[in-house]
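Q: I am learning to read models of this kind, and I would like one part of the chain explained slowly. Please begin with the whole and then move to the part.

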Amino acid sequence: MKLHQQRTCIGCRTVTNKSELLRWVLKDGAPLRAVNLDLQGSAFGRGAWTHGTEKCVQQAVQRRAFARTFRSAVDDSQVLQEFTAYEDQLAASQLSGKHDESGSEI
């Protein structure tokens, strides 16, 4: 029996399998630090997790969950921009029928 690692979405606070969530990492910057998506899940440092929905990302921003998770001031507007760019990229790849790195269709 294989156990799946569980993480909590910082937006809706639901515990879910790690594979169903997006990982966010903190990138150094001043005065506010940027939060970037870690799509490979291999970036160094503490991660924050959200579902891949605008609702959960919005809730995390409204609740200031990124700042609490990273214990640092965070540029919330940049989080929303990063997520919008991710959604746009995902939609474009689905329309073109591109495949992800594993060879399966996205």
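What share of the 106 residues in the chain do buried residues make up? After that, please look closely at helix α3: which strands of the sheet does it touch, and which residues make its contact with α1?

A: Buried residues, meaning those under 20% relative accessible area (exposed is over 50% and partly exposed lies in between, with a 1.4 Å probe and protein chains only), make up 30% of the 106 residues in the chain. The model is predicted, with local features needing pLDDT of at least 70 and side-chain atom pairs counting only at pLDDT 80 or more, while totals for chains, interfaces and linings use all residues. Residues are numbered from 1 along each chain as its sequence is written, and side-chain values use heavy atoms, with hydrogens and water left out.

The pLDDT, which is the predictor's confidence in each residue on a scale from 0 to 100, has a mean of 86 for the chain, and 85% of the residues reach 70 or more. The chain has three helices and five strands, where helices (H or I, at least four residues) and strands (E, at least two) are DSSP runs numbered from the N terminus. Among these elements, α3 has the lowest mean pLDDT, 89, whereas helix α1, residues 54-62, has the highest, 97.

The sheet comes before the helix. Three strands form an open sheet in the order β4-β3-β5, with antiparallel pairing; two strands pair if DSSP finds at least two bridges between them. Since β4 (34-37) and β5 (47-51) stand at the edges with a single partner strand each, one side of each is left without a neighbour in the sheet. From one strand to the next, the twist averages 35°. Between β3 (residues 21-27) and β4 there are four bridges, and Val 25 has Asn 36 as its bridge partner in β4.

On this sheet packs helix α3 (residues 76-96), which touches β3 and β4 and whose direction makes about 20° with that of β4. Here contact means heavy atoms within 4.5 Å, and axes are lines fitted to C-alpha atoms, for helices over the stretch in contact, with angles running from 0 to 180 degrees between N-to-C directions.

Helix α3 also packs against α1, at an angle of about 170° and with the two axes 10 Å apart. The two helices are therefore roughly antiparallel to each other, a label for angles over 145 degrees, whereas those under 35 count as roughly parallel, 65 to 115 as roughly perpendicular and the rest as oblique. From α1 the contact involves Glu 54, Val 57, Gln 58 and Val 61, and from α3 it involves Asp 76, Val 79, Leu 80, Phe 83 and Glu 87.

Two of these residues can be followed further. Asp 76, in helix α3, counts as buried because its relative accessibility is 18%. Not counting residues up to four places away in sequence, Asp 76 touches Val 61 and Arg 64, and its C-alpha lies 8.2 Å from that of Ala 34, although the two are 42 residues apart in sequence. On the other side of the helix pair, Gln 58 of α1 counts as partly exposed because its relative accessibility is 28%. Gln 58 and Cys 12 are 46 residues apart in sequence and 9.7 Å apart in space, C-alpha to C-alpha.
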